[in-house]
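Work through the exercises below with the model open. Each task is followed by a stepwise solution.

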Amino acid sequence: TTAPGSASRSTGTAKIVVVAAENFWGSIAAQLGGSKVAETSIITNPDTDPHSYEATAADARTIAGAQLFIQNGIGYDSSWAPGLVSANPNSSRTVLTVGDVLGLKDGDNPHQWYSHASVYKVIDAITAEYQKIDPADASYFAQQKTAFEDSALAQYNQLETTIKAKYAGTPIGASESIVSPLADSLGLDMLTPYSFLKDISEGTDPTSADKAAIDRQIRNKQIEVYVYNSQNSTPDIQAQVKLAQQEGIPVTTVTETLSPAGDSFQEWMVGQLQDLESALAKATGH
Amino acid sequence: MWSLPSMVNAFRAGLAVAILAGVIGWFMVLRRQSFAGHSIAVTGFPGAAAAVYLGLSATVGYFGFCIGSALVIALLARGSGTGVGERAHSSALIAVVQAFALALGAVFLDLYGGFLSSTSAFLFGNFLGITDEDVLTLVAVAVVVLLAMAVIGRRLLFASVDPAVAAARGVPVRALSVLYLVLLGATVAEVSKFTGSLLVFALLVMPAATAQVITARPGLSLLYTVVIGVLVTWFGLAWAYFGNQATGFTITSLAFACYVLAYAAKSVRRTLRQGRPGRLEVA
Amino acid sequence: MWSLPSMVNAFRAGLAVAILAGVIGWFMVLRRQSFAGHSIAVTGFPGAAAAVYLGLSATVGYFGFCIGSALVIALLARGSGTGVGERAHSSALIAVVQAFALALGAVFLDLYGGFLSSTSAFLFGNFLGITDEDVLTLVAVAVVVLLAMAVIGRRLLFASVDPAVAAARGVPVRALSVLYLVLLGATVAEVSKFTGSLLVFALLVMPAATAQVITARPGLSLLYTVVIGVLVTWFGLAWAYFGNQATGFTITSLAFACYVLAYAAKSVRRTLRQGRPGRLEVA
Amino acid sequence: MIDDAVLSLRDAAVSVGGRLLWSGVDLSVRPGEFVAVLGPNGVGKSTMIKVLLGTLPAAAGSVTVLGERPGAAGEQIGYLPQRRNFDGSLRIRGVDVVRLGLDGDRWGVPLPFARRFSSGRRIADERVREVIDLVGASAYAHRPIGECSGGEQQRLLIAQALVRRPRLLLLDEPLDSLDLPNQAGIAALIHRICVQEQVAVVMVAHDVNPILSYLNRVVYIVSGGAASGPASEVITTETLTRLYGTPVEVLRAADGRLVVVGGPEAPALHSDRHADHHSHEHGDRHEALR
Amino acid sequence: MIDDAVLSLRDAAVSVGGRLLWSGVDLSVRPGEFVAVLGPNGVGKSTMIKVLLGTLPAAAGSVTVLGERPGAAGEQIGYLPQRRNFDGSLRIRGVDVVRLGLDGDRWGVPLPFARRFSSGRRIADERVREVIDLVGASAYAHRPIGECSGGEQQRLLIAQALVRRPRLLLLDEPLDSLDLPNQAGIAALIHRICVQEQVAVVMVAHDVNPILSYLNRVVYIVSGGAASGPASEVITTETLTRLYGTPVEVLRAADGRLVVVGGPEAPALHSDRHADHHSHEHGDRHEALR
Ligand SMILES: Nc1ncnc2c1ncn2[C@@H]1O[C@H](COP(=O)(O)OP(=O)(O)OP(=O)(O)O)[C@@H](O)[C@H]1O
Ligand SMILES: Nc1ncnc2c1ncn2[C@@H]1O[C@H](COP(=O)(O)OP(=O)(O)OP(=O)(O)O)[C@@H](O)[C@H]1O
Ligand SMILES: [Mg+2]
Ligand SMILES: [Mg+2]
Ligand SMILES: [Zn+2]
């Protein structure tokens with residue numbers, strides 16, 4: 001078998017073979033590369049938990065043939081992606097680790113695709129890699145980047161700005177740490193104890209005090225909106241959702257990966273942000 | 001502490017859980033079926049995954065797989081009843097069943113795509129999120145299982161201690177063994193909804209092992225088991241509340257401390273009685 | 001398949017893993033220490049969590065906890081060597097150690113945090129992410145462990161089958177038991193880096209259990225164990241490659257199929273030989 | 001005679017692992033009879049007991065025990081398996097093991113301290129104490145049974161077999177591991193129970209001397225079949241020598257009791273009953289003895 | 001006499017679980033001597049064997065075995081524990097168990113098919129086959145040992161104890177479970193080895209008849225201490241009756257051999273050696289016998 005793309009690598013019209021570990025980064029990379037890039041994402045199924053992914057031989061094959069491999073890092077995909085990279089050495093492959101780009105390390109919050117600033121840093125980094133791999137098309141990639149940032153992400157940027165402007169400082173509650181970067185970007189006030197967000201995100205046992213505190217926040221209506229990850233709702237979370245609904249607190253969801261799978265990064269984000277905006281509007285009454 | 005409804009329910013459920021796990025666990029330790037118990041607890045995981053994949057409720061999966069693996073282990077395990085040790089020797093078979101069940105679980109997990117973090121509920125349970133209905137269900141299961149144990153208790157004891165003679169006496173050793181493992185499976189399935197599969201195992205094994213270290217009298221050690229189990233659970237819940245720790249850790253630690261204390265006390269007593277050359281008692 | 005370097009390394013590592021796990025697992029099944037092996041494999045998890053929390057490498061934690069729990073189990077378990085069954089009876093003790101280790105692991109996990117991805121690595125391993133250096137380390141560990149087993153093999157067999165007589169003959173039964181569990185711990189720690197804790201246990205127990213069903217001749221069944229292990233691993237890898245399945249599932253399924261076949265063949269043979277009234281052979 | 005038989009085998013056969021052990025065996029034992037089962041190692045004595053208990057099916061023929069199929073009247077049988085050994089870590093006392101022999105097949109749970117409140121419990125306790133006294137095991141009955149010596153365990157197990165006042169005793173080498181006075185004592189005890197309570201006793205034994213004066217009948221199993229006869233006819237130097245195929249002497253002690261003694265150096269070891277080493281998978285030679 | 005002693009106990013004592021079993025025991029056994037250890041159940045016979053093996057420390061006194069401290073010369077000792085039982089699921093053949101007795105304490109691994117290439121291996125195989133033949137176990141030695149009958153297992157274990165040509169045999173009730181001809185045969189075999197190869201034999205036994213004609217010396221353990229004497233002095237109606245505290249008769253067979261028979265109904269059961277039921281935790285009465 002021949003790794004995809006390896007035969008055509010030398011020709012000028014060849015596309016850069018780009019592989020992303022997760023499809024949110026893959027969607028961005030594909031749009032930044034345009035017609036000069038052939039992009040494949042490994043985790044695309046919304047039902048797959050990236051936190052506990054078991055790689056297959058096909059993944060190994062895909063990564064083996066990549067010219068640019070994008071992985072999230074920060075402990076998110078570290079159990080399988082770096083292994084597949086080092087087990088399939090390829091001198092003409094560049095590896096872009098989001099954690100390194102952002103200067104984050106294992107133990108930090110890995111869900112950086114929910115942070116507006118981080119997304120922009122990653123866009124810069126991907127474009128820079130494209131230009132390094134294919135200097136001849138450097139100006140094409142620069143155009144692509146501008147187009148992506150200014151038109152594709154226009155609605156995303158606009159929603160971020162409006163929500164921040166209108167609702168900054170609004171207290172919210174959340175189910176797990178995936179919501180934290182989003183809350184930071186939007187200037188929302190995350191009241192849920194971070195230890196709880198982290199416990200749920202990482203699948204450990206949350207403490208009784210945290211649960212009691214959240215219960216109290218919901219009952220006393222200290223939070224205006226409750227945001228939870230619908231792909232990761234433990235019985236604890238389900239109980240909180242129920243309680244929030246009982247107390248009349250608007251509930252909205254986010255997901256870990258692109259959902260539905262065919263969405264682009266911006267379609268997915270915009271949908272979630274619109275839901276959040278209407279929940280905030282309902283809660284605050286403006 | 002009592003102002004929080006979930007703590008009140010945790011104490012109520014803790015009482016039922018400790019009694020249920022204590023009685024079932026006492027026989028598990030006596031019969032040396034800890035490994036079987038552990039495997040049954042662990043197979044709840046693929047069960048839940050499979051059920052959700054097939055669109056059923058996770059509870060169905062829990063019960064189905066726990067009881068199913070109990071049946072497989074009980075039916076395939078050799079030892080038609082010639083010796084106490086015999087049962088332990090099906091350990092390879094149990095291991096095989098467990099390893100395969102877990103591989104299956106990974107496949108179902110993959111197919112369904114449940115997030116591992118929701119299976120963390122499976123590992124760690126949710127002792128503090130118990131509703132009034134949960135308590136009722138738990139008590140109902142506990143009553144059924146304990147009634148069954150009350151009915152078969154003595155015969156099961158006979159079959160456990162002395163299978164050859166029990167079989168000769170007309171005690172259905174094989175059927176009891178199957179029934180017992182099914183009850184064990186049901187207990188594990190119900191209890192681990194709240195405690196998780198780690199803590200349920202600790203509650204099954206630790207109080208019983210401690211009690212059996214303390215005394216060799218069957219009725220008394222069963223009583224000790226239940227008492228230790230209840231105390232450990234309640235104090236563990238209180239510690240979790242005031243010390244802001246996970247319940248799994250506090251309860252397991254207390255139970256472990258009891259076991260270590262009992263074991264150490266016995267070893268010390270033994271060593272003292274062993275009599276060094278200089279201080280032989282010739283009474 | 002061979003153009004993919006990680007597949008080549010997977011086959012190389014698979015060979016080493018199958019031989020190592022086969023030899024260690026054969027004794028594990030003979031000694032009925034599957035439960036101990038399982039517990040040791042499982043305690044690697046809190047070990048890795050603790051090590052990372054303390055700023056050490058996860059490997060240190062794996063080895064430290066696997067070998068540590070092997071030592072605890074070996075030293076505390078009773079049975080100074082009066083019977084084969086005896087060892088199995090420390091099952092309550094093993095269960096206690098395991099339950100506590102896992103509770104500890106949850107605490108370390110909590111303290112450190114950001115560890116979840118390693119949890120999945122711990123469960124499923126990464127058979128397709130094996131580098132040349134990984135293969136070298138694995139082979140080095142395998143050579144050391146297998147050399148040690150080659151040296152103690154016969155004495156360990158004696159001590160496993162007939163501890164009372166072996167002890168009388170000057171075989172250090174207790175020391176061998178400790179050493180064996182330490183080797184088991186080292187094997188589990190090293191192998192599970194690649195296979196995960198689920199698959200390592202399947203590779204330890206299934207080929208050995210199959211071989212011991214097939215024959216009662218010690219040397220031969222050890223040989224069968226290794227052969228079955230290697231075949232199952234290689235075919236499993238090929239299946240995973242062409243069928244695009246997870247290696248854990250393919251290898252475990254093949255090994256399970258071998259066991260079921262051997263067991264069924266034996267049962268059928270037994271039933272046939274049992275002789276129904278009508279067809280008694282009076283040879 | 002057949003109607004009041006406690007147990008009867010008619011043209012019975014048994015096979016284990018595909019090997020036919022014996023066939024065409026007829027036997028019937030009446031209440032109050034004391035029967036010894038003799039025979040070389042591995043000939044199927046323990047297997048016969050298992051057939052009588054119903055834990056192993058007979059391959060052919062009919063077997064009736066206490067008027068029913070084997071296994072149906074288990075609660076009226078006292079059974080002592082061969083070479084049972086409790087390991088040191090079993091945390092249960094000798095007295096509990098005996099107690100299980102009394103009521104272990106009842107439904108319900110044994111409650112601690114119940115004897116304070118129930119008279120039935122007190123009577124049961126009394127019976128357990130009495131039978132433990134009878135076999136002389138009181139001194140160690142409250143120790144965990146795994147910590148008792150071989151002979152101590154054996155005595156507790158005999159107590160377990162007796163405690164229920166069974167109508168049939170099936171004892172597989174009960175005097176094994178017992179010291180000489182206890183062999184005599186237990187044999188006498190069993191005989192007394194046999195006569196006074198009209199219990200039928202079937203005892204597998206290698207050493208018949210302790211029970212010789214009590215025996216009514218002897219069943220001798222050889223490879224293939226079995227012979228049975230009154231003790232006085234079978235226990236003679238000639239018959240035993242012929243049956244065992246090696247010199248066996250029957251002597252008379254000062255008080256008139258008989259004593260069986262093996263030949264000085266028995267050649268039996270080499271003329272093993274197995275025809276050759278490799279055919280054992282396919283069944284033994286069948287030499288009918290009747 | 002002390003210099004060439006195979007084993008010697010001087011003023012030795014032992015306690016188990018805090019109870020003193022016996023003390024002040026002196027014993028020395030020379031090569032080629034055949035010694036029987038007699039005594040009631042639970043008196044500490046098996047414990048004495050364990051002390052000689054070094055698996056249990058003596059509480060007092062000095063113990064020397066084969067010129068060294070107990071446990072140091074294990075490879076020259078053949079040991080048969082009491083009442084050992086392999087369960088049905090142990091997947092190892094009788095021949096392998098015997099083989100382990102030959103070289104199980106060597107380093108290295110047993111390789112399959114090695115006998116094709118190594119002459120040492122062939123010699124070892126030969127020795128294993130020979131000793132299995134000697135005890136008459138060839139027919140079932142290739143079956144998994146868990147599937148053998150009690151007596152079959154016992155014979156294989158005797159072969160295991162003999163296979164190494166030890167200088168000292170410590171046998172704990174080796175004739176238990178054996179049929180009469182095999183009791184005589186094994187006893188004769190052990191005696192032949194004892195005499196021809198000057199092996200010292202210490203045999204715990206309850207039934208001394210099969211070994212009576214071969215015995216040089218008898219050690220009798222009672223609660224507290226031990227007496228030892230030449231067989232001809234101890235094996236008399238008077239001495240045995242006194243030692244056991246119950247009538248024991250010694251008769252003479254037609255060919256001049258002695259036969260020991262227990263009293264018709266021994267009262268020993270009730271005059272148990274334990275003073276009362278509750279003091280057993282605190283140690284037994286100590287009655288020195290010497
Ligand atoms: N682990 C133990 N803990 C406490 N007491 C024990 C233990 N093992 C043995 N004993 C006691 O030590 C005493 C001696 O036991 P030993 O096995 O030496 O007796 P024995 O003379 O061989 O008896 P037997 O003729 O019945 O075999 C017995 O009373 C027994 O109850
Ligand atoms: N599970 C088994 N599989 C195959 N053969 C068996 C099994 N169990 C017993 N046997 C064989 O059946 C035969 C009869 O065994 P049994 O235990 O009835 O003999 P026995 O007459 O009681 O001998 P002993 O005097 O040695 O106790 C023996 O040859 C034994 O090897
Ligand atoms: Mg038998
Ligand atoms: Mg003894
Ligand atoms: Zn996440």
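A polar contact is a pair of N or O atoms within 3.5 Å. The model is predicted.

**Exercise 1. Find which chains hold ligand 2, and list its polar contacts.**

Step 1. Locate the ligand. Ligand 2 lies between chains D and E.

Step 2. Collect the shell. It has 21 residues, and the closest are Lys45(D), Thr47(D), Arg143(E), Gly151(E) and Glu152(E).

Step 3. Apply the cut-off to chain D. A backbone N or O atom of Gly44(D) is 2.9 Å from an oxygen atom of ligand 2. For a polar side-chain atom of Lys45(D), the distance to a ligand oxygen is 2.7 Å.

Step 4. Turn to chain E. An N or O atom in the side chain of Arg143(E) sits 2.4 Å from an oxygen atom of ligand 2.

Step 5. Check the cover. On its own, ligand 2 has 640 Å² of accessible area, and the protein covers 87% of that.

Step 6. Assign the elements. Strand E2 (19-29) and helix H1 (45-53) of chain D, with helix H4 (150-162) of chain E, give two or more residues each to the shell.

Step 7. Sort by class. The shell around ligand 2 splits into 4 nonpolar, 10 polar and 7 charged residues.

**Exercise 2. Explain why the site of ligand 1 is shared, and describe its contacts.**

Step 1. Read off the chains. The residues around ligand 1 come from chains D and E, so the site is shared between chains.

Step 2. Name the closest residues. Of the 21 that surround ligand 1, these are Arg143(D), Gly151(D), Lys45(E), Ser46(E) and Thr47(E).

Step 3. List contacts. A polar backbone atom of Gly151(D) is 2.6 Å from a ligand oxygen. A polar side-chain atom of Asn41(E) lies 3.0 Å from an oxygen atom of ligand 1. For a backbone N or O atom of Gly42(E), the distance is 2.8 Å.

Step 4. Check burial. Ligand 1 taken alone exposes 640 Å², of which the protein buries 87%.

Step 5. Assign the elements. Helix H4 (150-162) of chain D, and strand E2 (19-29) and helix H1 (45-53) of chain E, each supply at least two shell residues.

**Exercise 3. Identify the protein donors of the magnesium ion (ligand 3), and place them in the chain.**

Step 1. Find the donors. They are Ser46(D) (OG) and Gln82(D) (OE1), 1.9 to 2.1 Å from the ion.

Step 2. Place them. Ser46(D) is in helix H1 of chain D; Gln82(D) is in the loop between strand E5 (77-80) and helix H2 (94-103) of chain D. The pair is 36 residues apart and links distant parts of the chain.

Step 3. Check exposure. Both Ser46(D) and Gln82(D) are buried.

**Exercise 4. Classify the ring pair Tyr259(B) and Tyr263(B): stacked, edge-to-face or tilted?**

Step 1. Start from the search. The whole structure holds 30 aromatic pairs over all chains.

Step 2. Take the geometry. The ring centres of Tyr259(B) and Tyr263(B) are 5.8 Å apart and the planes meet at 35°, so the pair is tilted.

Step 3. Relate this to sequence. The two tyrosines are 4 residues apart in helix H11 (residues 247-274) of chain B, about one helical turn.

Step 4. Check accessibility. Buried means under 20% relative accessible area. Tyr259(B) is at 7% and counts as buried. Tyr263(B), at 19%, is buried too.

Terms used:
Residues numbered from 1 in each chain as written. Chains lettered and ligands numbered in written order. Predicted model: local features only at pLDDT ≥ 70, side-chain atom pairs only at ≥ 80, totals over all residues. Heavy atoms only, no water. Near = heavy atom within 4 Å. Polar contact = N/O pair within 3.5 Å; in protein donor to acceptor, adjacent residues only side chain to side chain. Areas by Shrake-Rupley, 256 points an atom, 1.4 Å probe, with all protein chains shown as cover. Nonpolar A, V, L, I, M, F, W, Y, C, P; charged D, E, K, R; others polar. Donors = N, O, S within 2.8 Å, 3.2 Å for Na, K, Ca; no water. Buried < 20%, exposed > 50% of the residue type's maximum accessible area, 1.4 Å probe, protein only. Phe/Tyr/Trp six-rings, centres within 6.5 Å; stacked < 30°, edge-to-face > 60°.
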